[in-house]
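Colleague: I would like to go through this model with you, beginning with its charged pairs. Could you take my questions as they come?

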Amino acid sequence: MNAAVFLRWLDMAKDDAITIDANDINAEAIANMWCFSPRDDELSAVSEEGLTELIEQLVDARRQWLLRHSGSPAMTFYCWHDAQARQLRFSLVSSSHGRLPFGCAVDTRHSHRSIAARIVATDWLNEAYFSSDAGNPSEDAAREWVCPVSQTLLP
């Protein structure tokens, strides 16, 4: 991963403290969330491979943080494409919750690579994304939408 944008993002998030609150999944999710989106001048450095590597390095950094803080519970790292904000988002919640804090249906069978591919190909490098020519989804399609998410159990 040699793209300056990915290295900058990794630097920002890798050592951030992790909030643990087994009684409040939303407090954990919000406190542990990071959001990334490239500026226009960074788009030429964006690639599926680089973003996948970033996600994997973030997983490892979060794992290392939990291992350094003995007594930390098992946590679930999860990431997704926030299509409306055009961002890669990731967060962590205690695995004891037994679920992720989404208000919609989620599909957690996705890999880090598939999430990266979705963001890079369909959004960040797609000039037609959200253009007026892209059309509007039907109400039925919006109702049936399921958020693709990758998740990893830590530590």
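Colleague: Is Glu 48 buried, partly exposed or exposed?

Modeller: Glu 48 counts as partly exposed, at 25% relative accessibility. Buried means under 20% relative accessible area, exposed over 50%, and partly exposed in between, with a 1.4 Å probe and protein chains only. Please note that this is a predicted model, where local features need pLDDT of at least 70, side-chain atom pairs count only at pLDDT 80 or more, and totals for chains, interfaces and linings use all residues. Residues are numbered from 1 along each chain as its sequence is written, and side-chain values use heavy atoms, with hydrogens and water left out.

Colleague: Which side chain meets that of Glu 48 in a salt bridge?

Modeller: That of Arg 113, at 3.2 Å from N to O. A salt bridge here is a side-chain nitrogen of Lys or Arg within 4 Å of a carboxyl oxygen of Asp or Glu. The pair links distant parts of the chain, with Glu 48 in helix H3 and Arg 113 in helix H4, 65 residues apart. Helices (H or I, at least four residues) and strands (E, at least two) are DSSP runs, numbered from the N terminus. Arg 113 is partly exposed, at 39%.

Colleague: What does Asp 123 pair with?

Modeller: Asp 123 forms a salt bridge with Arg 86, at 2.4 Å from N to O. Asp 123 lies in helix H4 and Arg 86 in the loop between S2 and S3, 37 residues apart. Asp 123 is buried, with a relative accessible area of 0%, whereas Arg 86 is partly exposed at 28%.

Colleague: How many salt bridges are there in the whole structure?

Modeller: A search finds 8. Arg 8, Arg 39, Asp 41 and Glu 42 are linked in a network of them.

Colleague: Turning to the interior, how many residues has the largest nonpolar core?

Modeller: It has 28, and Leu 51, Phe 77 and Leu 88 have the most contacts inside it. Such a core is a set of buried Ala, Val, Leu, Ile, Met, Phe, Trp, Tyr and Cys residues joined through side-chain atoms within 4.5 Å.

Colleague: Which element gives the most to this core?

Modeller: H3, with 7 residues.

Colleague: And what does Leu 88 touch?

Modeller: Not counting residues up to four places away in sequence, its contacts (heavy atoms within 4.5 Å) include Trp 34, Phe 36, Leu 51, Ile 115 and Trp 124.

Colleague: Which residues does the second core include?

Modeller: That separate core of 9 residues includes Ile 25, Ala 29, Val 93 and Phe 102.
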